[in-house]
Amino acid sequence: MQSEIPSGIGKLVKLEQLLLQRSGFYGEILNSMVELKALTIVNLSQNNLTGVLPSRTGNLLKKLVSFDVSQNNLLGLFFFIKYTKF
């Protein structure tokens with residue numbers, strides 16, 4: 001089955017893990033997904049996603065520990081810097 005990522009996914013504000021690897025998704029990563037601030041793990045690898053990564057992704061997803069969008073056709077930079085206090 002192939003489809004775009006459902007637009008309603010941006011409303012799942014308590015979602016902690018988004019594991020949609022090898023799911024047959026195509027199209028762009030939705031801008032609304034950067035509002036899912038509870039996300040710790042995102043795996044959208046091995047789909048047919050295209051377009052540009054939302055530029056605010058790394059800044060807004062503060063709890064993120066794993067982000068995998070490999071084996072897609074995406075463009076853009078993703079800054080993922082995790083600071084640790086000593």
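1. In this predicted model, three strands form an open sheet in the order β2-β4-β6, and their pairing is parallel. The edges of this sheet are β2, residues 17-19, and β6, residues 66-68, each of which pairs on one side only. From one strand to the next, the twist averages 10°. The pairing of β4, which covers residues 41-43, with β6 is parallel and rests on 3 bridges; within it, N43 has D68 of β6 as its bridge partner.

2. As for the overall make-up, the protein contains 1 helix and 7 strands, and along the sequence these elements follow the pattern β-β-β-β-β-α-β-β. The chain has 86 residues, of which 34% count as buried. When contacts between residues at least 6 apart in sequence are considered, 48% of them join residues at least 24 apart. The protein exposes about 5,900 Å², and carbon and sulfur atoms supply 54% of that area.

3. A further set of parallel pairings involves β3, β5 and β7. Strands β3 and β5 run parallel and are joined by 2 bridges, with G27 standing opposite L49 of β5. On the pairing of β5 with β7, the two strands again run parallel, here with 3 bridges between them, and V52 stands opposite L75 of β7.

4. The side chains of β5 deserve a separate remark, since they alternate along the strand. L49 and G51 point to one face and are buried, whereas N48, T50 and V52 point to the other face and are not buried. L49 reappears in the nonpolar core, where it is one of the residues that touch the most other members.

5. The largest nonpolar core has 17 residues, and those touching the most other members are I5, L18, I29, M33, L44 and L49. For L18, the contacts beyond its neighbours within four places in sequence are I9, M33, L39, I41, V42, N43 and L44. Two of these partners, M33 and L44, are also named among the core residues that touch the most other members.

6. Which residues does L44 contact, once its neighbours within four places in sequence are left aside? They are I5, L18, L20, Q21, I29, M33, L49, D68, V69 and N72. L44 itself lies in the loop between β4 and β5, the latter covering residues 48-52. Although it is a loop residue, L44 has a relative accessible area of 1% and therefore counts as buried, the cut-off being under 20%.

7. The residue that follows in the discussion, S45, has its place in the loop between β4 and β5 as well. S45 is classed as buried because its relative accessible area is 4%. Not counting residues up to four places away in sequence, S45 touches L20, Q21, R22, D68, V69, S70 and N72. Several of these partners, including L20, Q21, D68, V69 and N72, also appear in the contact list of L44.

8. Two residues call for a check of the backbone, R22 and Q71. R22 is not a glycine, yet it has a positive phi of about 50°; it lies in the loop between β2 and β3, where β3 covers residues 25-27. With a relative accessibility of 62%, R22 counts as exposed. The C-alpha atoms of R22 and L44 are separated by 7.5 Å, although the two residues are 22 residues apart along the chain. Q71, likewise not a glycine, has a positive phi of about 60°, and its place is in the loop between β6 and β7, with β7 at residues 73-75. At 58% relative accessibility, Q71 also counts as exposed.

9. How many salt bridges are counted in the model? The count comes to 1, and it is formed by the side chains of E35 and K37, with an N to O distance of 3.6 Å. Neither partner is classed as buried or as exposed: E35, at 35% relative accessibility, counts as partly exposed, and K37, at 44%, is likewise partly exposed.

Definitions and conventions. Residues numbered from 1 in each chain as written. Predicted model: local features only at pLDDT ≥ 70, side-chain atom pairs only at ≥ 80, totals over all residues. Heavy atoms only, no water. Pairing = 2+ DSSP bridges. Helix = DSSP H or I, 4+ residues; strand = E, 2+ residues; numbered from the N terminus. Axes fitted to C-alpha atoms, helices over the stretch in contact; angles between N-to-C directions. Buried < 20%, exposed > 50% of the residue type's maximum accessible area, 1.4 Å probe, protein only. Contact = heavy atoms within 4.5 Å. Areas by Shrake-Rupley, 256 points an atom, 1.4 Å probe, with all protein chains shown as cover. Salt bridge = Lys/Arg side-chain N within 4 Å of Asp/Glu carboxyl O. Core = buried A, V, L, I, M, F, W, Y, C linked by side-chain atoms within 4.5 Å.
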